[in-house]
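Me: Let's walk through this one together, question by question. Could you put it up first?

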Amino acid sequence: MADSSPFVGAGARRRLAPALVVPGLVIIGFVALYPLVLALLDSITQRDNGQSPYAWVFDNPVYLKIIWRTIVTALIVAGMCVLVGYPLAYVMATTRSARARSVLLLLVVLPFWTSFLVRVFAWLILFQPDGIVESVLQPFGFDGAILGSVWAPRIAMVQLLLPFMVLPMYATMRGIDPSLLRAAESLGASPREAFARIFLPLSLPGVGAGCLIVFIMSLGFYVAPALLGSPTTSLVGQAVFQQVGTLLNFGRGAALAAFLLAITLMVLGIAALMRRLLGSRTSDA
Amino acid sequence: MRRPGRLLVWAAALFAVLLLIVPTLIVIPVSLGDQASFRFPPSGWSLRWYRQLVEEPAWRTTFGNSLLIATLSALTASVVGTAAALGLRRFLRSINREVVRSTLLIPLIVPEIVLAVGLYSFFLKIGLVGTLTGFVLAHATLGIPLVVTTVTASLAGFDPNLERAAASLGAGPWMTARRVTVPLILPGLLAGTLFAFILSLDNLVMSLFIQTPDLSTLPVLMWSSMTRDTDPTIAAAATVILLTTTVVLCAALTILGRRTTTERGPLL
């Protein structure tokens, strides 16, 4: 079709055009893919006193606990992002004031473009001993250090990742036809019922997409847990950093990183499978 | 259509917006305090931390390094990523296209700390640790998927017949690219480049592995300072970064907003 172009050279250009992807593939292959494969191979072949790095991870309950804590943290952060972000996305999608919508959109996107490091640092100030957060919590009977607790990084991560939750939810909600809600109400549904039975189910793909992004990004977090948590609340990212950056044990670091990678790929696989199953169900209906 | 509980929903939305914006602003008053503490409110006001920021050579040097690395890596990511996005749509077999696209998105999907492990041992072996080339390559790698994504998004509404029309009117491939393709994908191209630039300027995890005492970046210096002691100079640096990104983003939105009146473009 395209190659039937009568102009000399147009067909050849079209066949050559895929070559444009080569520089990108070379850089990513050289900096990301090849070193990653090399590191994973190292982690399989390396032996410390005859022990493979993977056997070492499984022999140390500390690391299994860290992996578990990382998964739990990612789940909690994604769940909290949904709770905090859903009303915001809902208002952005359903408000009839275009001005309110663009102001809200700007306020969601602004932190998205703001330095992660600066935002984590702000939480360090807020969580200081006798700092703002502690003095706010004191009247509620909270007396302990928030900095270094397992909740300090989690709260910061919710704030850091919230835009990644709100934007996909908003995009999905904008695509929901408002006349569906009016139809439900004209058929006798209360606004609450129309929301629960029409809007909420239709918004779930956006919630799922947001959860996927936030969960995966939380898994690999290093900066927030390292600054706001403590060694006893360590996540996998910190453990990897310690092995590779501090102890220079590349095999063990790569083995821990392999767990992160495996969980990430597993979650992505499940998400793709679910999308396919749900997609085929709706197209059958 | 006044829904019951509408007020409650707005209140919840407002809470989310405040959570997004307000906590970060704490760096501003702390940067203006007169004591070496992160106390809020400060006991008195002064500009001494800004003076420190300007006068101390370490901050100036690393800031210069960061700007240079961010510029070079964003340009690399921009050119390479745009070329890749343009090349992607020319694949005739969709399976090849998807394999190539997934490969280009690897740096976005694989956690940065996982990439850093492989990168560090590889860069140590080939002597790229502590070099400008090492920094630029690593940061450009993180930026490429962003440019590919934003340019691909602009290409979604792109009519290939425009290029064919240009060719039929006698424009060569360069002329067509310069006068037709690039202007049409410019919003996505600029957004992706800006994103890659900011990502490099802010990058910490990979930079921690590549840095040496001789060549380091601003985030690395900020990190070592904030993990070691209580120095409000970081708050001053953070305030400068915060104000700069806000101004740049607002300027970019105004410019891109003027180009496309109905759609805000890929920045939002």
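**Contacts, cores and helices**

Reply: Setting aside neighbours within four places in sequence, Ser115(A) is in contact (C-beta atoms, placed from the backbone, within 7 Å) with Asp202(B), Ile241(B) and Thr245(B). Before we go on, this is a predicted model, where local features need pLDDT of at least 70, side-chain atom pairs count only at pLDDT 80 or more, and totals for chains, interfaces and linings use all residues. Residues are numbered from 1 along each chain as its sequence is written, with chains lettered from A and ligands numbered from 1 in the order in which they are written.

Me: Is Ser115(A) buried or exposed?
Reply: Ser115(A) sits in the loop between helix 5 (98-113) and helix 6 (116-126) of chain A; helices here are DSSP runs of H or I, at least four residues, and strands are runs of E, at least two, numbered from the N terminus. A residue is buried if 20 or more other C-beta atoms lie within 10 Å of its own, exposed if 12 or fewer, and partly exposed in between, with C-beta atoms placed from the backbone. Ser115(A) has 24 C-beta neighbours inside 10 Å, so the call is buried.

Me: And Ile198(A), with 18 other C-beta atoms within 10 Å: which class does that give?
Reply: Ile198(A) belongs to helix 10 (residues 191-219) of chain A. Beyond four places in sequence, Ile198(A) touches Leu180(A), Leu181(A) and Ala184(A). Because 18 other C-beta atoms lie within 10 Å, Ile198(A) is partly exposed.

Me: How many residues of chain B are in contact with chain A?
Reply: Helix 1 (residues 6-25) of chain B gives the most to that side, with 11 residues. By class, the side has 56 nonpolar, 11 polar and 5 charged residues; Ala, Val, Leu, Ile, Met, Phe, Trp, Tyr, Cys and Pro count as nonpolar, Asp, Glu, Lys and Arg as charged, and the others, Gly among them, as polar. Facing 72 residues of chain A, the chain B count is 72.

Me: Which helix gives the largest share of the largest nonpolar core?
Reply: A nonpolar core is a set of buried Ala, Val, Leu, Ile, Met, Phe, Trp, Tyr and Cys residues joined through C-beta atoms within 7 Å. This one has 153 residues, and Ala89(A), Phe121(A), Leu161(A), Ala257(A) and Val27(B) touch the most other members. The largest share, 15 residues, comes from helix 8 (residues 151-174) of chain A.

Me: Ala257(A) is in contact with which residues of chain B, leaving aside neighbours within four places in sequence?
Reply: Within chain A, the partner is Val240(A). Helix 7 (residues 112-126) of chain B has 11 of its 15 residues buried, so this helix is largely enclosed by the rest of the structure. Among those buried residues are the ones we want: Ile113(B), Val114(B) and Val117(B).

Me: Where does the kink lie in helix 8 of chain B?
Reply: Helix 8 (residues 132-155) of chain B should span 34 Å at 1.5 Å a residue (times one less than the number of residues), and its end C-alpha atoms are 33 Å apart, which agrees. This helix is mostly covered, with 20 of its 24 residues buried. The bend, meaning the angle between axes fitted to the seven residues ending at a residue and the seven starting there, is about 30°, and shortly before the proline Pro145(B) comes the kink, at Gly143(B).

How values were computed:
Contact = placed C-beta atoms within 7 Å.
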